[in-house]
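Reader: I'd like to learn how to read a few features in a structure like this one. Could you walk me through them?

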Amino acid sequence: MALDPFTLLVLTSAMAAASALYLAAEWRSVRERSLLLWSTGFAIIAVGCVLALLRSRGYVLFGIWFPNGMLIVAHWMFLSGVAAFTRTRLPRAWWLLVAVWLAMLALPGGPWWSKAMLGIQSLLIAVISLRAGLLLRPQGGALTLSVGAAQLRFVLLVHGLFYLAKASSTLVPDAFINLASFRGTVILVSLVEGVMAIMLLAMSMTGTERHRREERIAQIAARDPLTALDNRRALYLRAPPLLQQASPASPGALLLIDIDHFKQVNDLHGHDAGDRLLVTFADLLRSTLPDGALAARLGGDEFVILLTNTSSAAVQALCETLREAFAQQARTLFATPEPVALSIGATMFDQPDTELSHWLKRADDALYASKRKGRDRMELAPWSPGPPQ
């Protein structure tokens, strides 16, 4: 099959339409706005390629100016999709592109008309594509791009640089360009690049959102649905790296917390009230715990806190703060015959190779000791090395 302009346009239109349908199908299952915007961009390219076939019959408006403008709009959709993906607000100044597109209608005819039209269009697409690629950069070095997002960034940047070179090539005095008949090396190379870019952009866009969806599913699986704290599964996944930080010079602490007389809240005020109390305690943990602490709900009214680089005095002070604040909140929310309070069992650890289950057992023993001694108190287990390795 000869790669003449007609064949390349038909191939580009078919690939763009397929990409639009594929991304639209992904959007129906994921409902991410970026997918819908990218799908719309590919649909616009498909229509624009069909209209571009009219230029050989002398339809300048619908064969050249309109398809070129649709290609610019399609890339604007790509940029808007990236902005939606990165949660970035685009300034209104970008709407000036519409004015530039309309101004292209005022270009007077002449031997240089094709060069001017192609140069302006290419420059606009280059600016849009490069901006979209730059939006995907890691923010402050803290964000690691997924494989799909990194690929999309690379494709957009290369695509933008290609169009920048394409715009520059129109300034070469001897470069022959005829938009009406698709003649000129620059036009043919651009058509081939367009086919490749559509395929790579569609694949990268799909991979970008798919990775985010997988991350979101993983986050949901690791969260307690009521309190939004880590659940038991997340605790066992996240605890080992924190335990490894422990040393005699930088000990850690594990706190096991149980809400005293929680059943009275459920019995007297209903299970919705009990849920509200659990959420209140979770919010208290988020506002009180130091940075780097891990808080998880094991189930029911039982919670775990894992602290690093702390001390016995700091743990005791934290427990007092939690007990006093929670007791006051519980009294304000719900009246019960016996006070709703916290029983806490805590253990210090400085053995990096000891498993979580060992420290949970020690904290559990301390928790039951606090309940035997009257509840509404914190019991700190005596210092002890980890089990034999």
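Reader: Let's start with Glu-379: is this residue buried or exposed?

Author: This is a predicted model, so keep in mind that the values are computed from predicted atoms. Buried means under 20% relative accessible area. Glu-379 has a relative accessibility of 16%, so this residue counts as buried.

Reader: Which residue does the side chain of Glu-379 meet in a salt bridge?

Author: The general idea comes first: side chains of opposite charge can pair when their charged atoms come close. Here, the partner of Glu-379 is Arg-377, with 3.0 Å from N to O. Arg-377 counts as partly exposed, because its relative accessibility is 29% and that class lies between 20% and 50%.

Reader: How many salt bridges does the structure hold?

Author: There are twelve salt bridges in the structure. One of them joins Arg-286 to Asp-283, where the closest N and O atoms are 2.8 Å apart.

Reader: Where do Arg-286 and Asp-283 sit, and how many residues apart are they?

Author: Both belong to helix α10, which covers residues 271-288. They are three residues apart, so about one helical turn separates them. As for accessibility, Arg-286 is partly exposed at 43%, and Asp-283 is partly exposed at 39%.

Reader: Which residue forms a salt bridge with Asp-365?

Author: That is Lys-361, and the closest N and O atoms of the pair are 3.0 Å apart. Both residues lie in helix α12 (residues 356-372), four residues apart, about one turn of the helix. Asp-365 has a relative accessible area of 40%, which makes this residue partly exposed. Lys-361 is partly exposed as well, with 48%.

Reader: Which residues are linked in a network of salt bridges?

Author: Look at Arg-223, Asp-230 and Arg-238, which are linked in such a network.

Reader: Let's move on to cysteines. How many disulfides does a search of the whole structure find?

Author: A disulfide is a covalent bond between the sulfur atoms of two cysteines. In this model, the search of the whole structure finds zero disulfides. You can still look at where cysteines sit: Cys-49 is buried, with a relative accessible area of 9%, and Cys-319 counts as buried at 0% relative accessibility.

Reader: Now a loop residue. Where does Thr-227 lie, and is Thr-227 buried or exposed?

Author: You will find Thr-227 in the loop between α7 and α8 (232-243). With 2% relative accessibility, Thr-227 counts as buried.

Reader: What does Thr-227 touch, not counting residues up to four places away in sequence?

Author: Its contacts on that count are Leu-278, Val-279, Ala-282, Arg-286, Arg-297 and Phe-303. Arg-286 is already familiar from its salt bridge with Asp-283. In addition, the side chain of Thr-227 makes a polar contact with that of Asp-224, at 2.6 Å. For a view of sequence against space, take Thr-227 and Thr-280: they are 53 residues apart in sequence, and their C-alpha atoms are 8.5 Å apart.

Reader: Which residue is 182 residues from Ala-20 along the chain, with the C-alpha atoms separated by 8.4 Å?

Author: That is Ala-202. Ala-20 itself lies in helix α1 (residues 5-30) and counts as buried, at 7% relative accessibility. Leaving aside neighbours within four places in sequence, Ala-20 is in contact with Ser-39, Phe-42 and Ala-43.

Reader: What about a polar residue within a helix: where is Ser-190, and is Ser-190 buried or exposed?

Author: Ser-190 belongs to helix α7, residues 185-221. Its relative accessible area is 7%, so Ser-190 is buried. The side chain of Ser-190 makes a polar contact with the side chain of Lys-166, at 2.5 Å. Apart from residues up to four places away in sequence, Ser-190 touches Phe-162, Tyr-163 and Lys-166.

Reader: Finally, the surface. Which residues form a nonpolar patch there?

Author: The patch is formed by Trp-95, Val-98, Leu-102 and Leu-105, which together have about 410 Å² of accessible area. Among them, Val-98 sits in helix α4 (residues 96-103). Residues in a patch need over 30% relative accessible area, and Val-98 counts as partly exposed at 38%.

Terms used. Residues numbered from 1 in each chain as written. Predicted model: local features only at pLDDT ≥ 70, side-chain atom pairs only at ≥ 80, totals over all residues. Heavy atoms only, no water. Patch = residues over 30% accessible without salt bridge, like charges linked within 9 Å, V, L, I, M, F, W, Y side chains within 5 Å. Areas by Shrake-Rupley, 256 points an atom, 1.4 Å probe, with all protein chains shown as cover. Salt bridge = Lys/Arg side-chain N within 4 Å of Asp/Glu carboxyl O. Helix = DSSP H or I, 4+ residues; strand = E, 2+ residues; numbered from the N terminus. Buried < 20%, exposed > 50% of the residue type's maximum accessible area, 1.4 Å probe, protein only. Polar contact = N/O pair within 3.5 Å; in protein donor to acceptor, adjacent residues only side chain to side chain. Contact = heavy atoms within 4.5 Å. Disulfide = S-S within 2.5 Å.
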